Amino acid sequence: ACHALTGDQFVTGPHPLKALLNQPNQFQSGHDLMELTQIYEELSGEGYWHLDQNKGQAEIWTFPPNRIKVAVSATEYITGYVFASPTGDIPLPRDEVIPFIWPNPLTPWRGVSWVQSIGVELDTQAYAMQHNRFFFYNGATMGVMITYPADITDAEYQRVLQQFNSEHR
């Protein structure tokens, strides 16, 4: 029998939904499902659960958002989803997918996260760290050779060396 919960009522005993959320599928715990969904939401602004039946047993699966395509319609808004699996596209009916979407002002059916808004800064930081890592990996040398078409004086050499050091050290 199905009972609606209202006000301050809680399910304290066994319940099929509690069992499903504690063990959503044979490969994940409830904690793993929630944690992975949260990670997807924070990184992309989207998380998706697929409600599946495996030999009559209810299961919940989460997918990486970059592998989900949203099928939209002018009359039905969202008509379904497509999961891009390694073996090919798998259509998923709308009523088998629960989307967790952080609002996106550019499109109502896709999410956006705070990480995407600082993407350039994150990339810049990552590239700077990679540059520094390679610099020290290569013995902390610049690996630069400056050539002139003719011999230069010692004074000109010192001027070029000082200018290079002031700009690159």
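The paragraphs below lead through a predicted model, taking its sheet, its nonpolar core, its salt bridges and some individual residues in turn.

A convenient place to begin is the open sheet of 3 strands, whose order is 3-4-5 and whose pairing is antiparallel. Strand 3, which covers 68–73, and strand 5, which covers 88–93, form the edges, each of them pairing on one side only. On average, and with direction ignored, neighbouring strands of this sheet are turned by 30° against each other. Strands of a sheet pair, in general, through backbone hydrogen bonds, and they may do so in a parallel or an antiparallel manner. Here strand 4, made of residues 77–85, is joined to strand 5 by 6 bridges, and these two strands run antiparallel. Within the sheet, alanine 84 stands opposite aspartate 89, a residue of strand 5.

Aspartate 89 also takes part in a salt bridge, its partner being lysine 69, with the closest N and O atoms 3.3 Å apart. Because lysine 69 lies in strand 3 and aspartate 89 in strand 5, the pair ties together parts that are 20 residues apart in sequence. Both ends of this salt bridge count as partly exposed, lysine 69 with a relative accessibility of 42% and aspartate 89 with one of 49%.

From the sheet the description can pass to the nonpolar core. In soluble globular proteins, nonpolar side chains tend to be buried together. The largest nonpolar core of this model has 9 residues, namely Tyr48, Phe63, Ile68, Val70, Ile78, Tyr81, Phe83, Leu92 and Val97. Strand 3 and strand 4 are the elements that give two or more residues to this core, and strand 4 gives the most, with 3 residues. For phenylalanine 63, once its neighbours within four places in sequence are left aside, the contacts are Tyr40, Tyr48, His50, Ile68, Phe83 and Leu92.

A search of the whole structure finds 3 salt bridges. One of them joins glutamate 46 to arginine 110, the closest N and O atoms being 2.6 Å apart. This pair links distant parts of the chain, since glutamate 46 belongs to strand 1 and arginine 110 to the loop between strand 6 (97–101) and helix 3 (114–117), 64 residues apart. Glutamate 46 has a relative accessibility of 4%, and it therefore counts as buried, the limit being under 20%. Another salt bridge connects arginine 159 with glutamate 156, where the closest N and O atoms are 2.8 Å apart. Both of these residues lie in helix 5, 3 residues apart, which is about one turn of the helix. Arginine 159, at 42% relative accessibility, counts as partly exposed, as does glutamate 156, at 25%.

Some backbone features deserve a separate look. Lysine 55, although it is not a glycine, has a positive phi of about 55°. Lysine 55 is placed in the loop between strand 1 (46–54) and strand 2 (57–63), and it is exposed, with a relative accessible area of 83%. Tyrosine 77, also a residue other than glycine, has a positive phi near 65°. Tyrosine 77 lies in strand 4 and is partly exposed, with a relative accessible area of 44%.

Threonine 153, finally, is found in the loop between helix 4 (119–137) and helix 5 (154–168). Threonine 153 is exposed, its relative accessible area being 52%. Its C-alpha atom and that of proline 24 are separated by 76 Å, the two residues being 129 residues apart along the chain.

Notes:
Residues are numbered from 1 along each chain as its sequence is written. This is a predicted model: local features need pLDDT of at least 70, side-chain atom pairs count only at pLDDT 80 or more; totals for chains, interfaces and linings use all residues. Side-chain values use heavy atoms; hydrogens and water are left out. Two strands pair if DSSP finds at least two bridges between them. Helices (H or I, at least four residues) and strands (E, at least two) are DSSP runs, numbered from the N terminus. Axes are lines fitted to C-alpha atoms, for helices over the stretch in contact, and angles run from 0 to 180 degrees between N-to-C directions. A nonpolar core is a set of buried Ala, Val, Leu, Ile, Met, Phe, Trp, Tyr and Cys residues joined through side-chain atoms within 4.5 Å. Buried means under 20% relative accessible area, exposed over 50%, partly exposed in between (1.4 Å probe, protein chains only). Contact means heavy atoms within 4.5 Å. A salt bridge is a side-chain nitrogen of Lys or Arg within 4 Å of a carboxyl oxygen of Asp or Glu.
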